[in-house]
Structure formats: structure tokens, C-alpha cells
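This report describes the fold, one helix pair, one covered helix and several individual residues of the protein shown below.

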Amino acid sequence: MRQVTDRLRASVETVISGKTEVVDTALVVLLAEGHLLIEDVPGVGKTMLSKALARSIDGTVRRIQFTPDLLPSDVTGVSIWNRNSGEFEFRPGGVFANVVVGDEINRASPKTQSALLECMEERQVTVDNVTWPLEAPFMVVATQNPVEMEGTYALPEAQRDRFMAKVSMGYPVEEAELAMLQEHTSRNPLDSLEPVTDVTEIRKLIATVSQVHVSPAVQRYAVALATATRTAPELLLGASPRATLQLVRAAKAAAAMAGRDYVLPDDVHRLARTVLAHRLLPSLEATRTGRSVTAVLDVLLDQVRVPSDPGA
């Protein structure tokens, strides 16, 4: 596990330099069978990250440019009548890939956004009462611009809740940006990126992650964190049971990447902001006083007692 993830990290960082924490989160989400939401300004490498990840695992990648006129059938696929055979033929949509890049997902209408709900949750597509499974590994990496809001549709809670984690790329440090100028102006780094593993190996790693042990104490800690968000007066909407499940799954993947076959409370604590923050809604009072969701969550993380005996 550590050998493969170290190779993957090094491979992706040849394209995205200086963003080890973001790359690690993407690997955690991949191995935990989740989906990743990247919210940041244009030009910081959001799409490049997902393409580099797909090439590193020798998987298929499809990019869907979400626009106001995009139809649900463009995402899932459509049945077309074949005159020669006298039957309907299914033409797969953009979600039929190992890594699906949903570029500027908030520019599509809510109807088109909802086409991803079944794909992300059940890893299948249903068109004309016929269900088509999606090949594992399957990961949606969606991007959105938090600055330019004209002509956009905010992601509904049901959509945000299906993303395991949300990250922000941020601007690179000066040294990383100088290195990018030297390496990227003469060639496209993706052209020389070679796979360091394959989808068969990734499936084995996903199966390994599912066997990582989570003690009852760590499970109770994850539930206590979720419960705290539901009862906090500063939050209008707390973490769902799906959020608790995905938090534990992400912690199992992080533990496996660290070379452990068991989860520590620190794994849960470290991933809580990334996994929970985008699912929470602040109350009117918190918004009025300028308290962000992250600030409220940080207080809750300090208040919820970390189990002293994680094996209990």
C-alpha cells in the first residue's frame, strides 16, 4: 500500500508541485471510493490534478464541461434507434470512465447536476429502465469557481453530501511557481507522465482499505463529532449519517496509506474538516456575526473528547 501510494504521490507531484496535502487527500478519496470537490479560482491546477491522477493509475478519464445548456443525457448517456438492427442502442455518456472531471459543475442547471446523484452514490446509470454499472475504480472530481457567481447554480445539499471531501488548491509558493515556469512553458507535463500502477492494483488496494480495523472507541468518536454538528446552535444543518460513514472510510484509507491496519482517533480528527465542513450550513446568527462553518467546526473538534484508549 505505501509503496504504491508513494509512487502515485510522486507521479502526480511531477505535474502539481508544492501541493502534497491536496494530492494526499485525492489519494485518500480514491482509495476510499469517494468523490472530490475542488473549489478554487481558475488557473491553479484543478483539472490538471485529476488528469494526472487518472494517467498515473493508467485509467480512463473523461472531462465534462458543465454549461447551462448541458443535458442530463450528455452526462449519463442516451438510447438511439438503430435502423439497421431495428433496436435501440445505448450511447454511454461522460460518466463512463475511471476518473470523471466535472469542470465548473455549478454552471449546469440543477436538473443536469442531479444526473450525477445515482452515479456517485450507487456507481451505476439507469437509462430507459436499463441499469448500466460503472467500472471500478470510479471517482468524480468536480471543480467550481467560488468567485464568479454570475450564471451559476449553487450545489444543493444532496449533491454536496455525496462528495467525500472538499479541498482548495490555493496559489503555489514562489519556488513552486518558478519551477512551473521552467518545466511547463516548453512542454505539457502530462504528455510525459507514465502510469505507475493500473486499475487492477487500485481495486486490490481499495479491497485492502475495506479491511482496515476501526475500534468501537474510534467509531463512537466519529459519531460524537457528527452529533455535535447536529446540536450546535451555530449550525442550521449538521453532518448526515452518510458524512459519518464517509469520514470513517476516509480515515481507513489514510491509516492504510500510513502503513497501519487500524484507525487512530488522529486519523478521524485530521480529516474531519475536509470531510465535514462542506456539508454544514451556518445559522442566521452565525452568518450575521461573521462566524464561518470552519470556525464553528474547529470549536467542536476541541470540545469533543478524543478517546484515550482507541482500541477500546
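Helices (H or I, at least four residues) and strands (E, at least two) are DSSP runs, numbered from the N terminus. On that basis, the secondary structure of the protein amounts to 14 helices and 11 strands. With a radius of gyration of 20 Å, close to the 20 Å that the globule rule gives for 312 residues, the protein is as compact as a globular protein of that length. The radius is taken over C-alpha atoms, and the globule rule is 2.2 Å times the number of residues to the power 0.38.

The model is predicted: local features need pLDDT of at least 70 and side-chain atom pairs count only at pLDDT 80 or more, whereas totals for chains, interfaces and linings use all residues. Residues are numbered from 1 along each chain as its sequence is written, and side-chain values use heavy atoms, with hydrogens and water left out.

**Overall dimensions and packing**

The C-alpha trace spans about 70 × 40 × 40 Å along its principal axes. Buried residues account for 48% of the 312 residues; buried means under 20% relative accessible area, exposed over 50%, and partly exposed in between (1.4 Å probe, protein chains only). Of the contacts (heavy atoms within 4.5 Å) between residues at least 6 apart in sequence, 79% join residues at least 24 apart.

**The covered helix α3**

Helix α3 (residues 46-56) is mostly covered, with eight of its 11 residues buried. These are Lys46, Thr47, Leu49, Ser50, Ala52, Leu53, Ala54 and Ser56. Their cover includes the helices α1 (2-13) and α2 (20-31) as well as the strands β1 (36-39), β2 (61-65), β5 (99-103) and β8 (139-144).

**The pair α10 and α11**

Helix α10 (residues 216-231) and helix α11 (residues 241-257) have axes that come within 10 Å and cross at roughly 145 degrees. Axes are lines fitted to C-alpha atoms, for helices over the stretch in contact, and angles run from 0 to 180 degrees between N-to-C directions. From α10, the residues Ala222, Val223, Ala226 and Arg230 meet Pro241, Thr244, Leu247 and Val248 of α11. The residues of this contact divide into six nonpolar, one polar and one charged. Here Ala, Val, Leu, Ile, Met, Phe, Trp, Tyr, Cys and Pro count as nonpolar, Asp, Glu, Lys and Arg as charged, and the others, Gly among them, as polar.

Arg242 also lies in α11 and counts as partly exposed because its relative accessibility is 23%. Beyond residues up to four places away in sequence, Arg242 touches Glu121, Asp161 and Arg162. The C-alpha atoms of Arg242 and Asp161 are 7.5 Å apart, although 81 residues separate the two in sequence.

**A buried glutamine**

Gln159, in helix α7 (residues 157-160), is buried, with a relative accessible area of 1%. Apart from neighbours within four places in sequence, Gln159 contacts Gln113, Ser114, Leu116, Leu117 and Met120.

**Backbone exceptions**

Most residues other than glycine have a negative phi, and most peptide bonds are trans. The table lists residues with a positive phi.

| Residue | Phi | Place |
|---|---|---|
| Asp58 | near 55 degrees | follows α3 |
| Glu104 | about 50 degrees | loop between β5 and α5 (110-113) |
| Asp128 | near 55 degrees | loop between β6 (124-127) and β7 |

Glu104 is partly exposed, at a relative accessible area of 24%, whereas Asp128 is exposed, at 56%. The peptide bond from Ala136 to Pro137 is cis, with omega near -5 degrees; Pro137 is placed in the loop between β7 (130-133) and β8.
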